[in-house]
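The following note sets out numbered points for a colleague's review. Please read each point alongside the sequence and the model.

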Amino acid sequence: MVLGFFSVAIMELLVFLACFELVTKYKCWDEIKKGNVAVAMATGGKIFGICNVLRFCIQAKSSVYEAMTWSFVGFALLLIAYFLFEFLTPVFSIDKEIERDNRAVGLISMIISVSLSFVIGASIM
């Protein structure tokens, strides 16, 4: 059972991070390699958020299949939150600011991902 959930977590991280990579205007891992702390914080928040939602699914005593299903729902909600964050800040582009290493925006992005993962996870339980 542990290996099943661990395998699912790794697979989901790869898939979900690839999806986030497609929707951001910057390349996460290229920017992190350059030392862009804002991108590292935003990406770290997404990693935490994805894993935290899966943690709630596992805690709910779900099967591996149910945990995968609910974590996909959780990921979709995190993705919607990402788009809402960008949409609700019309005075500047979140992606452009994070790419410029604006650490304040990176930190807020991380906090939003982490915070919403708790809300999403609790609602799944």
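Contact here means heavy atoms within 4.5 Å.

1. Basis of the note. The model is a predicted one, in which local features need pLDDT of at least 70, side-chain atom pairs count only at pLDDT 80 or more, and totals for chains, interfaces and linings use all residues. Residues are numbered from 1 along each chain as its sequence is written, and side-chain values use heavy atoms, with hydrogens and water left out.

2. Val8 and its surroundings. Val8 belongs to helix 1, residues 2-23 (helices, H or I, of at least four residues, and strands, E, of at least two, are DSSP runs numbered from the N terminus). Val8 is buried, its relative accessibility being 7%; the classes are buried under 20% relative accessible area, exposed over 50% and partly exposed in between, with a 1.4 Å probe and protein chains only. Once residues up to four places away in sequence are set aside, Val8 touches Leu54, Val64 and Met68. The C-alpha atoms of Val8 and Ala67 lie 8.8 Å apart, although 59 residues separate the two in sequence.

3. Annotated segments. The unreviewed UniProt entry carries the annotation "transmembrane region" for residues 6-24, 36-58, 70-92 and 104-124. UniProt positions follow the numbering used here, feature names are shortened, and annotations may be inferred rather than shown by experiment. In the model, residues 36-58 are 96% helix and 0% strand, with 33 Å between the end C-alpha atoms. For residues 70-92 the helix content is 78% and the strand content 0%, and the end C-alpha atoms are 33 Å apart.

4. Cysteines. Why is Cys19 without a bond to Cys28? The sulfur of Cys28 is the closest cysteine sulfur to that of Cys19, but at 12 Å it is too far for a bond. For Cys51, the closest cysteine sulfur is in Cys57, at 11 Å, again too far for a bond. The disulfide count is zero, where a disulfide is a pair of cysteine sulfur atoms within 2.5 Å. Cys19 is partly exposed at 27% relative accessibility, and Cys51 is partly exposed at 32%.

5. Cys28. This residue is placed in helix 2, residues 28-33. Cys28 is buried, with a relative accessible area of 4%. Apart from neighbours within four places in sequence, Cys28 is in contact with Glu21, Val39 and Thr43. Between Cys28 and Gly49 there are 16 Å from C-alpha to C-alpha, at a sequence separation of 21 residues.

6. Salt bridges. How many salt bridges does the structure hold? There are three, a salt bridge being a side-chain nitrogen of Lys or Arg within 4 Å of a carboxyl oxygen of Asp or Glu. One joins Glu31 and Lys34 at 3.2 Å, N to O; Glu31 is buried at 9% relative accessible area, whereas Lys34 is exposed at 65%. Another pairs Arg100 with Glu97, the closest N and O atoms being 2.8 Å apart; here Arg100 is exposed at 58% and Glu97 is buried at 15%. Arg103 and Asp101 also meet in a salt bridge, at 3.2 Å, N to O, and Arg103 is partly exposed at 45% relative accessibility.

7. Backbone at Asp101. Most residues other than glycine have a negative phi, and most peptide bonds are trans. Asp101 has a positive phi of about 70°, although it is not a glycine. Asp101 is situated in the loop between helix 5 and helix 6 (103-124). At 24% relative accessibility, Asp101 is partly exposed.

8. Helix 4 and the surface patch. Trp70, Val73, Leu77, Ile80, Leu84, Phe87 and Leu88 make up a nonpolar surface patch with about 720 Å² of accessible area together. Patches are made of residues with over 30% relative accessible area and no salt bridge, like charges being joined within 9 Å and nonpolar side chains (Val, Leu, Ile, Met, Phe, Trp, Tyr) within 5 Å; accessible areas come from the Shrake-Rupley method with a 1.4 Å probe, and for residues only the protein chains shown count as cover. Leu88 sits in the loop between helix 4 (64-87) and helix 5 (94-99), and Leu88 is exposed, with a relative accessible area of 61%. Is Ala81, by contrast, buried or exposed? Ala81, placed in helix 4, is buried at 13% relative accessibility. Ala81 and Leu116 are 8.2 Å apart from C-alpha to C-alpha, with their positions 35 residues apart in sequence.
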